[in-house]
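Trainee: I've got a structure to go through with you. Could you show me how to read it, one feature at a time?

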Amino acid sequence: MSGTDDNAADRPVLATTFMQDSVRVSQREGPVFQRTLFNLDFTFVSGVDLVAELADEQRFVKHVYPNLASLRPMVGDGLLTAETDDPHWQTAHGVLASGFTQQAMRRHHPRMVAVVDDLTRAWDRAVNAGPVDVTDDMTRTALEIIAAAGFGQSLGAFRLNQSHPFVRALTETILHCIRRVTLPPDIGVLLGRRDEHRYAENVSRLNAIVDDIIAARHDTEEADLLAHMLSARSLDRRAIRHQIITFLAAGYETTAGALAFTLYALATHPDVLARARDEVDEVWGEQSPQYEQVAGLRYLRRVIDESLRLWPSAPGYARRARTDTILGGKYPMRAGDAMFVLIPALHRDPVWGRDVDRFDPDRFLRDRVAARPAHAYKPFGSGVRACIGRQFALHQIALVIGTLIRRYEMRSDPAYRLRIQEALTMRPAGFALDLALRKESADDRRRSLP
Ligand code: MNH
């Protein structure tokens with residue numbers, strides 16, 4: 001699955017390390033500091049106490065930061081980009097939350113398993129046959145899973161050598177939107193009409209594909225997210241289209257990043273990998289895992305939590321003052337002023353100890369979690385506007401990673417140093433794994449015994 005030039009649209013056209021650099025700056029200038037990405041100002045917050053204060057829904061509310069607001073031509077006031085006080089958000093949140101209950105998750109589970117089967121088929125072909133590009137394949141996986149659970153369709157990500165037209169249109173549109181709010185106007189003009197034209201084309205393509213999916217839906221027995229929306233009379237066609245694009249935009253890059261970072265952590269910490277693998281063997285045995293068995297991987301869950309601490313794939317979220325106020329008794333804010341919580345910096349606050357950059361899943365042992373302030377860990381955002389897909393993402397990550405470590409020996413290039421590509425999210429760049437079948441290698445070992 002690697003070595004092809006199929007994901008050109010995924011390449012970081014907006015090549016920047018702005019968020020990563022800001023994490024370093026936070027260590028000198030935090031807990032509140034300002035930086036500018038080309039044309040867009042950020043007031044960053046990185047300290048636990050201030051983040052806890054910002055979580056107070058009476059004084060503060062989610063701010064749809066310009067980098068998110070820029071997506072509105074594509075997703076309108078879908079869940080991610082709506083204002084909290086907008087009645088549309090309330091309605092849509094109610095409808096969609098029912099797509100993520102325990103009961104709904106049980107129905108998503110077999111769909112996820114089917115996608116993971118596609119992934120292992122693809123990886124089996126790569127066994128002893130050169131490295132796989134981890135981020136590309138985790139992107140395919142996350143995309144197929146959200147498409148399957150969202151509207152019961154495959155986007156063919158494992159079959160096509162090229163990205164699906166939908167994915168191309170989506171990634172290009174997201175980049176275009178972000179560039180529009182970050183690049184200085186003169187460069188914006190240089191990018192010019194051709195870009196704007198292509199952007200308009202992309203938006204219509206996205207709309208057309210989604211409208212086709214909606215139109216093709218006759219089977220009301222399906223219990224996917226689309227079925228939920230169609231059966232709720234409160235959402236019109238345009239709103240449903242916006243929500244579907246929102247789910248794809250919000251749901252696959254973030255999850256793909258988390259999957260790839262977790263594999264990176266495992267490949268570079270053999271002791272952690274060995275323990276996680278023992279757990280999978282013990283809890284799952286050789287069978288395809290049942291729904292409950294996924295949550296049964298308690299140690300792997302800590303590995304995932306710790307990956308999301310060091311490399312939260314969504315780098316931040318913004319909060320706005322509802323009235324004039326003083327944050328932390330020290331930082332005056334006018335009503336409407338916003339601050340951007342820099343999650344990877346928050347996750348390196350001194351409350352995490354002295355060795356904050358060390359990968360240590362035991363930080364998430366129950367007692368140690370209880371000993372930390374409640375707002376020290378925010379990979380999924382905050383309060384009523386926290387991620388609606390959180391359980392969906394965590395279930396999927398444990399299922400995918402559990403399946404992969406049970407099946408494969410994975411070797412990364414010892415010379416590889418983690419590089420992170422940024423767009424709306426953060427994902428590893430250039431991270432590759434060489435694969436061998438674990439069973440086979442165990443047999444080989446036995447065979448080589450005298
Ligand atoms: Mn998700 C909101 C991170 C997976 C759908 N998500 C958020 C926010 C963060 C976030 C942070 C808050 C943004 C803000 O305040 O501006 N999300 C993640 C991460 C993963 C993730 C780190 C994976 C790991 N998210 C998913 C998946 C889906 C999804 C999977 C869909 C199935 N997320 C959303 C939606 C929102 C959101 C929708 C907006 C919810 C709301 O405001 O009502």
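Trainee: Let's start with one residue: which helix does I405 lie in?

Mentor: Keep in mind that this is a predicted model. I405 belongs to helix 17.

Trainee: Is I405 buried or exposed?

Mentor: The cut-off for buried is under 20% relative accessible area. I405 has 0% relative accessibility, so it counts as buried. Then check what sits across from it in space: L263 is 142 residues away along the chain, yet the two C-alpha atoms are separated by 9.0 Å.

Trainee: What about S307, where is that found?

Mentor: S307 is in helix 14, residues 298-310. With 2% relative accessibility, S307 counts as buried too. Sequence and space tell another story here: S307 and Y291 are 16 residues apart in sequence, but 23 Å apart from C-alpha to C-alpha.

Trainee: On to whole helices. What span should helix 11 have, and what do its end C-alpha atoms give?

Mentor: The idea is to take 1.5 Å a residue and compare the result with the ends. Helix 11 runs over residues 237-268, and its 32 residues should span 46 Å; the end C-alpha atoms are 47 Å apart, which agrees. Try helix 7, residues 134-151, in the same way: 18 residues should span 26 Å, and the ends are 26 Å apart, so that agrees as well.

Trainee: How many residues of each are buried?

Mentor: Both helices are mostly covered. For helix 11 the count is 27 of 32 residues, and for helix 7 it is 18 of 18.

Trainee: What should I look for at the start of a helix, say helix 7?

Mentor: Look for a side chain reaching to a backbone nitrogen. At the start of helix 7, D133 puts a side-chain oxygen within 3.2 Å of the backbone nitrogen of T135. At the start of helix 11, a side-chain oxygen of D236 comes within 3.2 Å of the backbone nitrogen of R238. Check the other end as well: G152, just after helix 7, takes a positive phi of about 60°.

Trainee: Now the ligand. Which residues come nearest to it?

Mentor: List the neighbours, then pick out the polar contacts. There are 27 residues around the ligand, and K62, L79, W89, R385 and C387 come nearest. Among these, R385 has a polar side-chain atom 2.7 Å from a ligand oxygen. For K62, a side-chain N or O atom is 2.8 Å from an oxygen of the ligand, and the side chain of W89 likewise has an N or O atom 2.8 Å from a ligand oxygen.

Trainee: Which elements give two or more residues to that shell?

Mentor: Those are helix 5 (87-97), helix 11 and helix 17. Helix 11 gives the most, with six residues. By class, the shell has 18 nonpolar, seven polar and two charged residues.

Trainee: And what volume does the largest pocket have?

Mentor: About 420 Å³. It is lined by 18 residues, and those closest to its centre are E286, T403, R406, R407 and K439. Helix 6 (102-126), helix 17 (390-407) and helix 18 (438-447) each give two or more residues to this lining.

Trainee: How do the residues of the lining divide by class?

Mentor: Into six nonpolar, five polar and seven charged. Set that beside the ligand shell, with its 18 nonpolar and two charged residues.

Notes. Residues numbered from 1 in each chain as written. Predicted model: local features only at pLDDT ≥ 70, side-chain atom pairs only at ≥ 80, totals over all residues. Heavy atoms only, no water. Helix = DSSP H or I, 4+ residues; strand = E, 2+ residues; numbered from the N terminus. Expected span 1.5 Å × (residues − 1). Buried < 20%, exposed > 50% of the residue type's maximum accessible area, 1.4 Å probe, protein only. Polar contact = N/O pair within 3.5 Å; in protein donor to acceptor, adjacent residues only side chain to side chain. 1 Å grid on protein atoms, 1.4 Å probe; cavity = no way out; pocket = protein on both sides within 12 Å on 5 of 7 lines; lining within 4 Å. Points joined across faces, edges and corners; volume = space filled by probe spheres on them. Nonpolar A, V, L, I, M, F, W, Y, C, P; charged D, E, K, R; others polar. Near = heavy atom within 4 Å.
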